[in-house]
2 protein chains.
Amino acid sequence: MGNKHTTRNEDYSKWYNELVDRSDLAEHSDVRGCMVIKPYGFAIWEKMKDILDKKFKDTGHVNAYFPLFIPKSYLSKEASHVDGFAKECAVVTHYRLKNAEDGSGVVVDPDAKLEEELIVRPTSETIIWNSYKKWIQSHRDLPILINQWANVVRWEMRTRLFLRTAEFLWQEGHTAHATKQEAIEEAEKMNDVYADFVEKYMALPVIRGVKTESERFAGADETYCIEALMQDGKALQAGTSHFLGQNFAKAFDVKYATNDGKQEFVWATSWGVSTRLMGALIMAHSDDEGLVLPPRIAPIQVAIVPIYKGEEEFALVDAKAREIVANLSEAGLRVKYDDDDNRRPGWKFAEYETKGVPVRLAIGARDLKEDMIEVARRDTKEKNSVSLSGLEDYVIELLKDIQKGMFEKALNFREEHITDVSNFEEFKEVLESKGGFIRAHWDGSAETEDKIKELTKATIRCIPLDEKPSEGVCVYTGKPSTQRVLFAKAY
Amino acid sequence: MGNKHTTRNEDYSKWYNELVDRSDLAEHSDVRGCMVIKPYGFAIWEKMKDILDKKFKDTGHVNAYFPLFIPKSYLSKEASHVDGFAKECAVVTHYRLKNAEDGSGVVVDPDAKLEEELIVRPTSETIIWNSYKKWIQSHRDLPILINQWANVVRWEMRTRLFLRTAEFLWQEGHTAHATKQEAIEEAEKMNDVYADFVEKYMALPVIRGVKTESERFAGADETYCIEALMQDGKALQAGTSHFLGQNFAKAFDVKYATNDGKQEFVWATSWGVSTRLMGALIMAHSDDEGLVLPPRIAPIQVAIVPIYKGEEEFALVDAKAREIVANLSEAGLRVKYDDDDNRRPGWKFAEYETKGVPVRLAIGARDLKEDMIEVARRDTKEKNSVSLSGLEDYVIELLKDIQKGMFEKALNFREEHITDVSNFEEFKEVLESKGGFIRAHWDGSAETEDKIKELTKATIRCIPLDEKPSEGVCVYTGKPSTQRVLFAKAY
């Protein structure tokens with residue numbers, strides 16, 4: 001209240017940074033690139049984690065835990081993997097400190113130098129496949145369907161909370177299969193699991209596709225992805241699922257005995273989503289007033305604010321409010337009753353608006369007399385006076401409406417921001433004036449892809465899975481092309 | 001089956017190592033001191049984690065996440081903390097690798113040296129209090145009741161799976177309070193939460209106490225703990241909760257404005273349990289055949305094995321087994337139906353015995369005719385033929401019995417292994433011949449404590465909270481003592 005916040009139109013990037021701060025989601029720590037995820041931000045991540053974890057288990061996966069550290073030499077074992085990952089890493093070189101001789105604190109003990117340096121995992125394919133080598137002998141040991149929830153570190157010079165941080169939280173699935181077909185099906189299935197989660201829970205429509213060769217994960221034969229569109233017209237990769245072929249099996253010599261006794265290399269996948277999803281969630285739905293959270297992952301779905309003057313009114317309003325809380329909680333909703341006497345209702349309204357609570361109820365003495373209550377929905381800012389009888393059903397339906405409405409709004413925005421273009425002038429013009437996804441023919445070469453990126457900063461986000469072949473000419477080179485792909489500037 | 005396993009009597013330590021391996025809980029990785037927690041082990045840890053997390057939330061705590069890395073200088077800020085923790089740590093000195101010029105792989109890039117080294121957190125007091133400094137201005141900002149689930153690293157030269165590893169998983173609660181009294185109550189409350197969890201879920205009785213000054217956490221004014229007894233007569237510290245006084249508030253200059261506008265330092269607690277609890281669970285209950293898991297945290301509570309010859313019998317038995325699975329699952333039990341045709345029933349029986357599944361059902365064609373089923377309980381190895389009607393109720397009651405029986409067995413063992421001694425000869429004799437806790441008078445000095453440790457390897461596990469003052473003389477020095485304390489050799 002009082003402070004004027006930056007709006008999306010004024011400066012989208014600043015709006016985002018301010019919003020993460022004032023809605024109490026996260027903050028930068030003093031350690032370069034590492035964030036502190038504050039309780040409210042973590043509560044959202046926990047919800048997302050719980051839902052995803054259940055989906056992984058429902059599709060037959062189990063959790064496990066592998067070491068934080070990876071011996072430096074492991075990274076070199078898979079040739080393209082090392083090129084993609086080995087560079088910007090946190091490197092552990094020593095295992096002991098000692099008191100400084102001048103009493104000024106502690107210093108690294110030079111006698112405690114590791115023989116081989118350890119890398120803080122940027123991703124765990126190498127350390128995990130080193131274990132799988134021991135676990136897999138026969139076709140009976142397959143498939144292995146393991147997921148891990150973990151922290152990973154990729155050194156970054158320019159960081160933004162949730163979107164790009166040196167340390168982030170994620171899950172990484174690592175599976176091993178007897179056949180190529182089964183591994184491909186797994187990679188596709190997990191990409192679908194991600195799409196389903198992001199659409200149904202985060203209320204954010206995604207495009208399912210595959211990456212071009214140059215955008216693939218380092219060590220993958222195919223990278224499936226889901227791409228979402230933010231309100232500033234930039235795309236965000238919300239999840240990836242990789243078919244790794246036999247690359248890691250060969251790098252770590254992991255073979256299995258087939259039914260008829262032959263030795264074959266194992267087929268692999270890996271797939272992951274991270275706290276980056278928090279960034280997508282914030283940027284896709286929020287408005288100039290604050291967060292807008294989809295009910296299915298909102299830590300608080302309904303906030304109740306009592307309005308009263310004096311103790312007598314409070315007693316009446318408080319009793320009714322508690323009854324409502326009990327009923328809504330019993331119906332399975334996540335409810336917060338804010339009876340803090342130190343804050344005025346107006347302050348509370350602004351607070352829950354900032355925090356994106358989907359539904360806010362306000363109940364006063366006058367409402368009570370009329371057996372009514374004020375119901376405000378966060379997404380559209382509509383307010384209604386609603387009868388207290390049947391309130392539970394009303395709120396439950398309203399939450400469903402909000403979830404649906406948020407998805408549809410985001411979907412409409414996305415559909416309005418997919419533009420077909422047929423020449424490079426148009427490409428540049430749409431990219432600058434309108435943004436969003438540009439659907440264009442591409443000649444299939446990495447050179448053209450690089451050139452377009454160099455000239456426009458747009459990359460090929462994906463080749464959509466549902467895109468049908470069509471004859472055309474490349475938007476940049478004019479060479480023949482058989483399919484349109486989606487370009488965009490991206491986070 | 002076939003392989004003879006080491007028994008507890010033959011070699012307790014070897015028995016433990018073999019058991020962790022053959023019950024598929026965990027294994028050493030190639031990274032010194034770091035373990036791989038395998039899916040079955042992780043499933044147990046997940047159960048424990050879920051229950052504890054709920055208990056923390058029910059007592060008003062929220063989760064958050066703080067950085068993995070701690071600037072080296074932070075560790076020096078709290079004087080006794082640095083002595084206790086700063087030494088055996090993983091130290092990050094560089095943030096980039098580069099390709100070796102001779103093409104042999106990757107090397108650390110000497111140009112990417114950090115200005116200040118980062119320590120992989122051995123515990124997070126310092127980094128968290130550096131944040132709390134920003135979060136706390138007024139009494140209105142208190143209390144802060146935050147928990148974090150995280151991995152931590154304390155370099156260890158001699159490691160044992162779960163019991164002592166360089167990297168381990170844990171939770172660490174860090175709370176900030178306006179008053180000393182409130183902080184002490186919090187530390188005591190969380191010690192009670194741990195005790196309740198370990199006793200009611202892990203079926204393991206604990207003694208609640210406080211540590212002597214020399215055994216306290218580095219930076220604490222008081223360390224509360226719960227101590228459990230393993231089958232070999234050694235004690236294991238299962239959890240600790242620290243009243244930190246104003247030590248960290250002073251080190252990080254964290255003050256709050258009181259109601260009447262004065263500036264006061266904040267009071268603190270921290271408390272944690274780790275994957276070490278897995279070690280306690282295994283060592284407290286398991287037998288020479290394998291794990292024995294308490295039903296409340298067993299990932300599989302009931303395993304069902306069909307016994308049949310030929311397809312016709314299988315069809316009958318399978319149909320009934322599936323009906324039982326459905327009923328037991330509906331009753332909320334975690335059930336595994338093992339219809340793997342590649343394994344013989346005997347192999348399966350041994351497998352579930354090794355894995356400590358509390359109840360195993362075996363159903364054959366003959367049983368079916370008689371409307372009976374064989375029920376085997378893991379803890380006592382009793383088998384009974386039970387009527388199929390009413391099986392659900394029978395199994396539910398049986399699981400409760402097992403939970404209760406396991407606790408009572410462990411409690412009896414513990415009670416039999418608390419021995420009062422009155423002189424040092426007796427002390428040594430009991431320690432060597434019988435083990436367990438030795439209840440003895442101690443003169444209260446750190447010198448005596450050290451001397452006893454040096455001579456016998458026994459440490460003061462705790463001063464029990466329920467121990468009444470009693471006049472006596474120190475078991476070692478003969479000096480006056482006002483209370484008995486508990487000594488033991490410990491993990």
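Two strands count as paired if DSSP finds at least two bridges between them, and the helices (H or I, at least four residues) and strands (E, at least two) are DSSP runs numbered from the N terminus. This is a predicted model, in which local features need pLDDT of at least 70 and side-chain atom pairs count only at pLDDT 80 or more, while totals for chains, interfaces and linings use all residues. Residues are numbered from 1 along each chain as its sequence is written, and chains are lettered from A in the order in which they are written.

Select B:I373 first, together with B:V386, its bridge partner in strand 21 of chain B. Extend the selection to strand 20 (residues 372-377) of chain B, which pairs with strand 21 of chain B in the antiparallel sense over 5 bridges.

Next, show the open sheet of 5 strands in chain B, whose order is 18-17-19-20-21 with mixed pairing. Its edge strands, each pairing on one side only, are strand 18 (335-337) and strand 21 (383-387) of chain B.

Now add helix 9 (residues 310-330) of chain B, which packs on the sheet and touches strand 17 (302-307), strand 18 and strand 19 (359-364) of chain B; contact here puts the C-beta atoms of two residues, placed from the backbone, within 7 Å. Helix 10 (residues 345-354) of chain B also packs on the sheet, touching strand 17 and strand 19 of chain B.

Finally, turn to the two chains, where the contact takes 53 residues from chain B and 53 residues from chain A. Strand 5 (residues 91-94) of chain A runs antiparallel to strand 5 (residues 91-94) of chain B, joined by 3 bridges, and A:H94 stands opposite B:V91.

Methods: Axes are lines fitted to C-alpha atoms, for helices over the stretch in contact, and angles run from 0 to 180 degrees between N-to-C directions.
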